[in-house]
Amino acid sequence: MFEERFAQLESERRVVDAAARDADHDAVVAEAAGDDGTARRGTQQGPSRGAARNKDRRFFDTEIVYSGVKLPIRVPMTVYPEEIGDFSLIRLLTTFGGALPAAGGRAPHPHLESSGQYTHAVVVLMNALLTQKRVIFLGHGKPAGEVANYVLAAVALGSGGGGVLRGFANRAFPYTNLTNLDTLLSFPGYIAGVTNPAFEEHPEWWDLLCNINTGRITVSPALAPPPGAPPRPQADALRRSLDSVALARTRSFSARDGRPDRWNNVDAEFVQDLMLAIDRHYGEVAIRAKVENYVRRFVALVPLHEPDDDRDHDADHGPDHDSAPADLAFYHARIDGFIGTHAYHNAVADRRSLHAASCVHGIDIARMVYSLRTAANLDVNEVEAIFKRLDDHVVSDEQVTELLAALPQSQGGLQPLAYGFYHPSPAIRLHTVRLFERIERNLAGARYVRSTNFFHQCAFSNLRHAFAL
């Protein structure tokens with residue numbers, strides 16, 4: 001059923017692209033001939049190339065005829081478990097992306113302000129969602145539907161675009177008021193939308209208040225630090241805060257080895273990447289993909305922080321030993337707050353069920369792909385070990401499909417694997433060619449290979465003939 005649907009979508013895409021090319025060609029010819037009676041660029045009939053390129057691939061646009069009237073409808077192609085309604089992450093990030101949280105003269109909370117008092121407001125909101133704090137969106141004088149849109153967007157933000165973590169939708173109250181206050185306060189870690197300004201005057205009712213009118217996020221002064229949390233040294237907190245501000249402008253590297261300095265502030269880079277993408281008018285799909293990648297990276301660190309009895313010792317997680325300790329040190333307090341939440345227990349259950357149903361055993365594909373994509377100083381032996389394990393364990397068509405699931409096209413597709421074509425080691429080039437040949441025989445993998453860079457395709461063809469595979 002999936003193959004038939006995939007083939008149908010592929011044929012429809014080719015028809016649209018062909019129509020766009022023909023329309024652009026006719027427009028260019030008419031414009032060059034100076035014929036005012038024919039369609040010109042920007043006024044040609046039919047779908048344009050720009051319209052085909054900017055089409056929202058999340059929906060299938062069609063129409064139905066009712067009583068002789070054509071009614072356009074949009075059918076969503078995919079719906080994640082935590083994705084509710086037609087919300088906008090871009091609106092949420094734009095509203096709260098320009099101000100620092102209001103600290104109110106208190107000490108930074110370790111679960112919320114991972115970079116001290118200068119932690120970005122978006123990061124504070126993300127931390128509050130992941131650590132199951134009580135979050136309220138206040139929109140005084142705003143329509144209830146607009147306030148609910150922010151709540152649903154926050155659900156998607158904490159769950160990683162709606163497809164990484166579960167349990168946020170059960171905590172959501174898109175709109176509520178004082179009549180339901182008792183029910184709201186009895187619910188742990190709620191995410192609620194309100195319009196009554198009385199909520200702002202009672203900080204004991206919430207842990208984090210997001211004011212839609214002002215775009216300001218306030219941490220409740222009544223929020224107590226977690227039990228047993230060691231006091232953070234003042235110099236250390238100041239260092240992390242200054243690093244957060246500096247990395248929001250430019251990434252700081254040490255002159256000794258070219259690596260990020262002691263606190264690799266992924267939070268500041270994440271916010272900077274989001275704001276830059278919004279300024280460049282990236283679509284909702286691209287923004288959700290960035291959020292999903294960020295949450296997946298955080299979730300991948302949680303098993304490394306768990307006790308040894310809770311870890312999966314059967315899977316080879318790959319040689320990414322450089323960045324994991326620094327990330328664990330930076331997110332230590334956030335991971336402590338995340339462990340024990342409903343989302344954490346759901347993630348543990350999902351991880352176990354995923355390992356049980358996985359077609360690839362003995363290796364962690366997602367972590368190996370992450371190492372190839374982000375690690376800066378992998379030596380030849382580590383890179384060869386990754387490609388050899390992928391070559392040995394990804395053999396069948398089902399295993400190739402599982403590998404492709406870890407290489408979404410929104411994050412570059414096969415780009416991390418394609419760099420193996422140009423590695424000085426012949427063994428790595430051989431493993432890469434064999435892996436690409438198996439991917440090319442897969443129905444979805446063939447499209448992945450065709451969508452790679454032209455130089456990657458040329459390198460693949462030349463190496464395949466060189467190795468006589």
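Which residues does Leu125 touch, if we do not count residues up to four places away in sequence? Let me begin there, and please keep in mind throughout that what we have in front of us is a predicted model. Leaving those sequence neighbours aside, Leu125 touches Leu92, Val135, Phe137, Leu157, Leu208, Cys210 and Ile217.

Now let me widen the view from that one residue to its surroundings. The largest nonpolar core has 60 residues, and Leu125 is one of those with the most contacts inside it, together with Leu92, Phe137, Leu165 and Leu208. Apart from this core lies another one, of 32 residues, which includes Ile363, Leu404, Ala406 and Ile428. As general background for those of you who are new to this, nonpolar side chains tend to be buried together in soluble globular proteins.

I mentioned Leu404 a moment ago, and that residue takes us to helix α15, which runs over residues 397-405 and in which Gln399, Val400, Leu403 and Leu404 are buried. These four lie on the same side of α15, because they cover an arc of only 145° around the axis. As for what covers the buried residues of this helix, the list includes α13 (365-374), α14 (380-393), α16 (415-418), α17 (426-441) and α18 (443-450).

Let us turn from the interior to the surface, where Ile64, Tyr66, Val69, Leu71, Ile73 and Val75 form a nonpolar patch, with about 510 Å² of accessible area together. The elements that give two or more residues to this patch are β1, at 59-66, and β2, at 69-76, and the largest share, four residues, comes from β2. Val69, to take one example, lies in strand β2, and this residue counts as partly exposed because its relative accessibility is 44%.

Finally, I would like to set two loop residues side by side. Ser67 lies in the loop between β1 and β2, and although Ser67 is not a glycine, its phi is positive, at about 55°. Gln132, which is not a glycine either, has a positive phi of about 60°, and Gln132 is found in the loop between α4 (121-130) and β3 (135-138). Are these two residues buried or exposed? Ser67 has a relative accessible area of 68%, so it is exposed, whereas Gln132 has a relative accessible area of 17%, so it is buried, the limit for that word being under 20%.

Note on methods. Residues numbered from 1 in each chain as written. Predicted model: local features only at pLDDT ≥ 70, side-chain atom pairs only at ≥ 80, totals over all residues. Heavy atoms only, no water. Patch = residues over 30% accessible without salt bridge, like charges linked within 9 Å, V, L, I, M, F, W, Y side chains within 5 Å. Areas by Shrake-Rupley, 256 points an atom, 1.4 Å probe, with all protein chains shown as cover. Salt bridge = Lys/Arg side-chain N within 4 Å of Asp/Glu carboxyl O. Buried < 20%, exposed > 50% of the residue type's maximum accessible area, 1.4 Å probe, protein only. Arc of directions from axis to C-beta. Contact = heavy atoms within 4.5 Å. Core = buried A, V, L, I, M, F, W, Y, C linked by side-chain atoms within 4.5 Å.
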